[in-house]
Amino acid sequence: MRVPVDWLREYVAVPADATGVQIAADLVRVGLEEEGLHGGGVTGPLVVGRVLSKEPEPQKNGKTINWCSLDVGEANGTGEPQWVVCGAHNFEVGDLVAVILPGGVLPTSQGPLTVSARKTYGHVSAGMICSERELGLGDDHDGIIVLTRRFAGDEEQLARLVPGADAIPILGLDRQTVEVNVTPDRGYCFSIRGIAREYSHATGAAYTDPVVALAAAAPAANGGGYAVELADEAPIRGRVGCSRYVARIVRGLDVSAPTPGWMKTRLTEAGMRPISLAVDVTNYVMLGLGQPLHAFDLARLGESIVVRRARTGERMTTLDDVDRALSPEDLLITDSGETPIAIAGVMGGESTEVSSTTTDVLIEAAHFDAVSIARSARRHKLPSEASRRFERGVDPELGPAAAQLAVDLLVRYGGGTADAGVTDVGEAPESSIILMDVGYPTQLVGVDYDRTTVCRILTEIGCQVIEDGPTLAVTPPSWRPDLRTAPDLVEEVARIDGYDRIPSVVPTPPGGRGLTHGQQVRRLVADVLAGAGLTEIWSAPFVGDARHTALGWAADEARARTVALANPLSDEAPLMRISVLSTMIDALVRNVARGAKDVGLFEIGLVVARDGEQTSAPTEDVGVQPSPEVLAAIHRAVPRQPRHLAILLAGDRDRAGWWGEGRPADVSDVLGLVRSVADALAVPVVLSGSADVMPFHPGRCAAISLADGTLVGHAGELHPKVVAALGLPSRTVAAELDLDVLIAASEDPVAARTLVTSPAAYTDLAVVVDEAVTAGSLEASLGTGAGEMLESITLFDVYRGDQVGPGRKSLAYRLAFRAPDRTLRTEEVSALRDAALARAAVDLGATQRT
């Protein structure tokens, strides 16, 4: 919100020597954040000049410039005419214009520009005639400012237009504008009236509410006004769309009458472009008081206005010349209940727009529901100055005063006559009474606020306060719809009394439980893999059928396991992923394409695991507590989303160097990383080879399971077809694990074992088994048979050949045994080794190699 300081002074006693910086600092004290300061950028000789001559000169580039002489009085020190080159053509001899002489400074986007006499188009131009944009008064750069036109009808200003007079105060360039950021709960500050009230709170300056005099001058509804009916039959959340509608009529208006210069200046300083008298008046009232208005061409209206919701299939063309499809939730202003003529509180319609032929206008000053206006503005992508105020809450008592001010201005500057009839239908919603203990602000803020201070501040902001012992019955003012609860009132007490009085005391946090077990596991897993040299990444969880096909999955089966997005970011990726590897691959391809040949990546993320039909979740209005049935339906519609860990390795795992050649990453590396993760979590896992599951190579893939057989995931080399389809480096290896399974398996704490000081005893065992028996299953069987004193078992040799026969293999293990209380004897170690072999013989048909 831009606040011209001169305009602010009309409502509150701002000291004459107060600067924009001081005013902004005062407003900051009551919670209005400063956004910027404007004005005061033009310095030096900017004077009024009268055009004495204008000689057009065509140029070779097709452009015509004007070689002009100007009467600038004694401002140039000689009294002689000032000669300048001007490219604009919207002025004639005798017009009064704004001229900046050499030495003057203009604000530009690149910084201050000092004007000097310079040669251009064959002449020495000693200054320049200025446009609105060059002076920072607006965006118009099509022509220069003709002062006699700008101030037409303003006799006081016209009297000041003397050649050589200082144009800076005439154009208001010596005035400053303070820009503040208005938070959503302070909608009343979207007006000079509201900002003035806040400045009064901050400084104690005398505040004069302009609405008091306007409301006293406004005639009451007398039944002779224009017919208006409020017919909202579909309120949102029980809130009626329009609670009050004030209408006034001005007849015989000269819409071509110029907007007074002072009003144009104020509108421009406040950030709005002057358009025409009728539009400028409504904007001026809105900026000054905070009540959005709309002007209708009375001749284009029928017998009445009906405020209702839109009907199914209804359309209308708004002022921006866009034909819009209306929603049944849109609140409309309609002609006799049939033709829509405005989207209430958002934008008017083209059919009743005030035009050059308009003579009679109807002024609308209504109070619309904030929720309805906000939804309509967002639905139609029509953020407007009016909707911005309505959706934050407009004072429902403001309508008659705002309409009176608009009527007064139109009558004064447009020559119209106000109808005696006044329409005021509906009732302003009443503010609810808030009960608050007088000690509650002290309790909540921690500053000692006595009864007198609390009551004084609440009264100062406009509340009615009734004291009943320790309880205060507080009725907020009509312009503060944000005050609904006792904590809201406490915030006002703290704000007005001063945030700087609140001590900066860091509260003692309550004892917490720290990270959850799942969070601890995720951090530990990430630390283990990062320590192994891998880089953690995040990939967007969106895929398409093409990716599923490239990974070797049937597209229909993959779709059955996931959900489709209602509004995907890309048509090529409309599905949620069912595998972290499916999206992680993009990062590997991108890194390899950029020259990173040796890559190790990992990601922890969610996947979708739907096991039934996809259903839509029901919705409820914002702010409404869903019923238990609705909550249950929402939960049923959300598919299971387990958390997965995926690993990708490509290129060399051991780098080449002066020490020798590198070693490419293979299946053993990714299996080692899986083992490291499992060991860090103290979760025993079993590796089962030759798993046939895409996207892995069927002969180079291992299934990872818990000891009880629960599948954790798979690890291995990616299938050659997958590598070729996705453009991956050859022999890329990967793993994907269900991390939720590991988190659940690691829930039970691991008991620390006493450090054993007795020596370990080692023995070797070579076992012959069928080719189909995996090393993991054999190792598990040997470990079970060896018993609790087995400390470790390590595979150190694999043999296939004539000595073991076809279809058989020999696996040699080193077993380490350790007793907690003594040194094991040779016969004890041999007995333990034999027990391990006996169990493997029963489980897997194993025999000892001789």
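The lining of the largest cavity mixes six nonpolar, five polar and four charged residues. This is a predicted model. The report starts at that cavity, then turns to two sheets and one helix.

**The cavity**

How many cavities of 30 Å³ or more does the count give? The count comes to one cavity. The volume of the largest cavity is about 120 Å³. It is lined by 15 residues. Closest to its centre are G187, Y188, L289, G290 and D395. Which helix gives the most to this lining? That is helix 7, residues 192-203, which supplies three residues.

**The three-stranded sheet**

One open sheet has three strands in the order 1-12-2. Its pairing is antiparallel. The edge strands are strand 1 (2-4) and strand 2 (33-38), and each pairs on one side only. From one strand to the next, the twist averages 25°. Strand 2 pairs with strand 12, residues 177-181, through five bridges. One contact can be picked out in the structure: H38 has T177 of strand 12 as its bridge partner.

**The five-stranded sheet**

A second open sheet is built from five strands, ordered 13-16-19-20-21. Here the pairing is mixed. Which strands stand at the edges? They are strand 13 (227-230) and strand 21 (347-348). Each has a single partner strand, so one side of each is left without a neighbour in the sheet. Strand 13 runs parallel to its partner, strand 16 (residues 304-309). Four bridges join this pair. Within it, L230 stands opposite V307 of strand 16.

The table sets one strand pair from each sheet side by side.

| Strand pair | Sense | Bridges |
|---|---|---|
| Strand 2 and strand 12 | antiparallel | five bridges |
| Strand 13 and strand 16 | parallel | four bridges |

**Helix 22**

Helix 22 covers residues 667-680, which is 14 residues. What span should it have at 1.5 Å a residue? The expected span is 20 Å. The end C-alpha atoms are 20 Å apart, so the model agrees with the expectation.

Which residues of helix 22 are buried? They are V667, D669, V670, L671, L673, V674, V677 and A678. A general rule helps in reading such a list. An α-helix has 3.6 residues a turn, so residues three or four places apart point the same way. Among the buried residues of helix 22 are V667, V670, V674 and V677; try finding them along the helix in the structure. Just after helix 22, A682 takes a positive phi of about 60°.

Notes
Residues numbered from 1 in each chain as written. Predicted model: local features only at pLDDT ≥ 70, side-chain atom pairs only at ≥ 80, totals over all residues. Heavy atoms only, no water. Pairing = 2+ DSSP bridges. Helix = DSSP H or I, 4+ residues; strand = E, 2+ residues; numbered from the N terminus. Axes fitted to C-alpha atoms, helices over the stretch in contact; angles between N-to-C directions. Expected span 1.5 Å × (residues − 1). Buried < 20%, exposed > 50% of the residue type's maximum accessible area, 1.4 Å probe, protein only. 1 Å grid on protein atoms, 1.4 Å probe; cavity = no way out; pocket = protein on both sides within 12 Å on 5 of 7 lines; lining within 4 Å. Points joined across faces, edges and corners; volume = space filled by probe spheres on them. Nonpolar A, V, L, I, M, F, W, Y, C, P; charged D, E, K, R; others polar.
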